[in-house]
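Me: Please take a close look at the side-chain links in this model, disulfide and salt bridges together. Keep it brisk.

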Amino acid sequence: APVPSFTLNIDPAVALPHGAHVATVTLLAACSTEQELHFDVTLRQDGALGQRRGTAPCSDGLARHAIAVPAQGPAGFGEGAGLVEAVARIVERGLVVDTQRWSRRVQLRASP
């Protein structure tokens with residue numbers, strides 16, 4: 001029987017397009033069109049924390065999903081190093097067919 005599989009990764013460049021309170025983390029995922037990506041993303045940086053949960057459609061190739069992660073509390077994000085942790089589940093016909101966990105050191109940068 002075929003084994004369901006997908007690939008998940010995190011882009012090491014994180015953008016700060018709206019200042020210190022929202023960062024854009026990009027997940028890269030390869031899964032098939034009959035599946036859906038369910039994600040939980042956490043961004044940590046020097047006491048600042050942001051979390052986002054959501055879903056995104058899959059394609060038959062590698063897709064880039066830009067995830068807006070709002071900072072929680074008064075501390076915002078700034079330029080420099082951070083850590084992204086992601087848990088992703090691939091769902092097909094209502095069933096979870098694969099789960100992957102990733103963490104990656106990233107660089108946050110202001111974007112124009």
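Reply: What follows goes through the disulfide, then the salt bridges.

This is a predicted model, in which local features need pLDDT of at least 70, side-chain atom pairs count only at pLDDT 80 or more, and totals for chains, interfaces and linings use all residues. Residues are numbered from 1 along each chain as its sequence is written, and side-chain values use heavy atoms, with hydrogens and water left out.

Start with the disulfide (a pair of cysteine sulfur atoms within 2.5 Å). The count comes to one. Cys 31 is joined to Cys 58, with S to S at 2.0 Å. Cys 31 sits in strand S3 (residues 22–45) and Cys 58 in strand S4 (residues 48–72), so the bond ties together parts 27 residues apart in sequence. Strands here are DSSP runs of E, at least two residues, numbered from the N terminus. The torsion about the S-S bond is about -85 degrees, so the disulfide is left-handed. Cys 31 and Cys 58 are both buried. Buried means under 20% relative accessible area, exposed over 50%, and partly exposed in between, with a 1.4 Å probe and protein chains only.

Now the charged pairs. Side chains of opposite charge can pair when their charged atoms come close. A salt bridge is a side-chain nitrogen of Lys or Arg within 4 Å of a carboxyl oxygen of Asp or Glu. The count comes to five.

One of them pairs Arg 64 with Asp 11, at 2.8 Å from N to O. This pair links distant parts of the chain. Arg 64 is in strand S4, while Asp 11 is in the loop between strand S1 (7–10) and strand S2 (13–16), 53 residues apart. Arg 64 is exposed, at 54% relative accessible area. Asp 11 is buried, at 14%.

Another joins Asp 40 and Arg 89, whose closest N and O atoms are 2.9 Å apart. Asp 40 lies in strand S3 and Arg 89 in strand S5 (residues 80–92), so the pair ties together parts 49 residues apart in sequence. Asp 40 counts as buried at 18% relative accessibility. Arg 89 counts as partly exposed at 26%.

Glu 92 and Arg 93 also meet in a salt bridge, 3.7 Å from N to O. Glu 92 is buried, at 17% relative accessibility. Arg 93 is exposed, with a relative accessible area of 76%. Elsewhere, salt bridges that share partners join Asp 40, Arg 53 and Arg 89 into one network.

Key
Helices (H or I, at least four residues) and strands (E, at least two) are DSSP runs, numbered from the N terminus.
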